[in-house]
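Biologist: I'd like a close look at a single part of this one, please. Pick the stretch around one well-packed spot, and walk me through what surrounds it.

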Amino acid sequence: MTPLEAAAVFAAGVGAGAINAVVGSGSLITFPTLLAIGLPPITANVSNNIGLVPGGVTGVLGYRPELRGQRDRLLRLGLASVAGSLIGGVLLLRLPADAFNVIVPVLIGIACVLVVAQPRLNSWLAVRRRPHAHGGPWLWLGVLLAGVYGGYFGAAQGIVLIGLLGSFLDEDIQRVNAAKNLLSLLVNATAAILFTLIAPVDWTAALMVALGSAAGGFLGARVGRRLPAPLLRGFIVAVGIVAIVKLLS
């Protein structure tokens with residue numbers, strides 16, 4: 001990797017870390033960058049996943065106030081994220097990506113609709129669902145499937161998680177975003193451990209993404225926590241639409 005390529009990967013890592021802390025979809029910046037410098041797709045994917053873990057850590061730390069009171073819930077949902085990530089990581093190394101090229105844009109589109117409709121959906125559900133502090137079994141299953149997707153590729157898993165958590169939990173968008181950051185971190189960290197053991201990794205690329213994403217995650221959390229809920233929803237949907245266009249192109 002040349003110094004110019006290393007600088008490009010670092011800059012992409014900063015952008016990805018910031019976007020992941022606020023929304024998700026940071027891989028749509030770093031993954032194409034790694035492909036552009038000549039890494040094979042599988043190597044680029046696993047190196048990118050490993051490199052984004054430090055950004056996930058700084059994003060979670062930046063959202064610590066919004067995580068208060070969510071420990072029991074996140075312990076339950078975290079188990080689903082870890083299990084799903086392991087399944088997705090194995091699928092990445094065993095199956096072709098053709099099926100996911102069709103499924104992923106659909107998942108992101110559904111998630112964007114859920115994010116936009118969340119306030120009205122929550123009001124509708126509030127008078128029909130039984131109170132459940134942890135979101136119930138359907139949320140657990142949804143987080144498990146989001147973990148499978150995140151372990152397989154991961155781009156826009158944050159949008160999928162926000163759509164799920166916001167629909168099943170009676171929480172404001174910032175607390176939902178904080179929970180999303182922690183669950184996304186668990187998915188990425190689990191897959192990273194698996195990939196380190198059995199997948200081809202370009203450690204120089206992973207290091208540059210890691211350094212950039214750590215800085216970006218810190219900055220993104222500072223900005224994201226200050227965004228009004230309507231603006232944050234609009235940003236999430238805008239990123240989701242860009243993700244769908246990129247994945248379909």
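**Leu-183 and its surroundings**

Modeller: Let's start from Leu-183, bearing in mind that this is a predicted model. Setting aside neighbours within four places in sequence, Leu-183 is in contact with Leu-74, Leu-77, Gly-78, Ser-81, Val-143, Leu-161 and Leu-165.

Now zoom out to the core. The largest nonpolar core has 52 residues, and Leu-183 is among those that touch the most other members, along with Leu-34, Leu-139, Val-143, Leu-165 and Phe-195. At least two residues of this core come from each of H1, H2, H3, helix H5 (71-94), helix H7 (136-152), helix H8 (157-168), H9 and H10. The most generous is H9, which gives 9 residues.

Two of those helices deserve a stop. H7 and H8 pack at an angle of about 180°, and their axes are 10 Å apart. The two are therefore roughly antiparallel to each other. On the H7 side, the contact is made by Trp-138, Leu-139, Gly-142, Val-143, Ala-146, Tyr-149 and Gly-150; H8 answers with Gln-157, Val-160, Leu-161, Leu-164, Leu-165 and Phe-168. You'll recognise Val-143, Leu-161 and Leu-165 from the list of Leu-183 contacts.

Carry on along the chain and you reach the loop between H8 and H9, where Glu-171 sits. With a relative accessible area of 18%, Glu-171 falls below the 20% cut-off, so it counts as buried. The side chain of Glu-171 has company, too: a polar contact of 2.7 Å joins it to the side chain of Arg-175.

Then there's H10. Its 22 residues (203-224) should span 32 Å at 1.5 Å a residue, and the end C-alpha atoms are 30 Å apart, which agrees. At its start, a side-chain oxygen of Asp-202 comes to within 3.2 Å of the backbone nitrogen of Thr-204. Plenty of glycine and alanine turns up among the buried residues of H10, including Ala-205, Ala-206, Ala-210, Gly-212, Gly-216, Gly-217, Gly-220, Ala-221 and Gly-224. Met-208, Val-209 and Ser-213 are buried there as well. What covers the buried residues of H10 includes helix H1 (3-22), helix H2 (27-36), helix H3 (41-62) and helix H9 (173-198).

As for the setting, the protein comes to 11 helices and 0 strands. Of its 249 residues, 53% count as buried. Among contacts with a separation of 6 or more, 84% are between residues 24 or more positions apart.

Definitions and conventions
Residues numbered from 1 in each chain as written. Predicted model: local features only at pLDDT ≥ 70, side-chain atom pairs only at ≥ 80, totals over all residues. Heavy atoms only, no water. Helix = DSSP H or I, 4+ residues; strand = E, 2+ residues; numbered from the N terminus. Expected span 1.5 Å × (residues − 1). Buried < 20%, exposed > 50% of the residue type's maximum accessible area, 1.4 Å probe, protein only. Contact = heavy atoms within 4.5 Å. Polar contact = N/O pair within 3.5 Å; in protein donor to acceptor, adjacent residues only side chain to side chain. Core = buried A, V, L, I, M, F, W, Y, C linked by side-chain atoms within 4.5 Å. Axes fitted to C-alpha atoms, helices over the stretch in contact; angles between N-to-C directions. Parallel < 35°, antiparallel > 145°, perpendicular 65-115°, else oblique.
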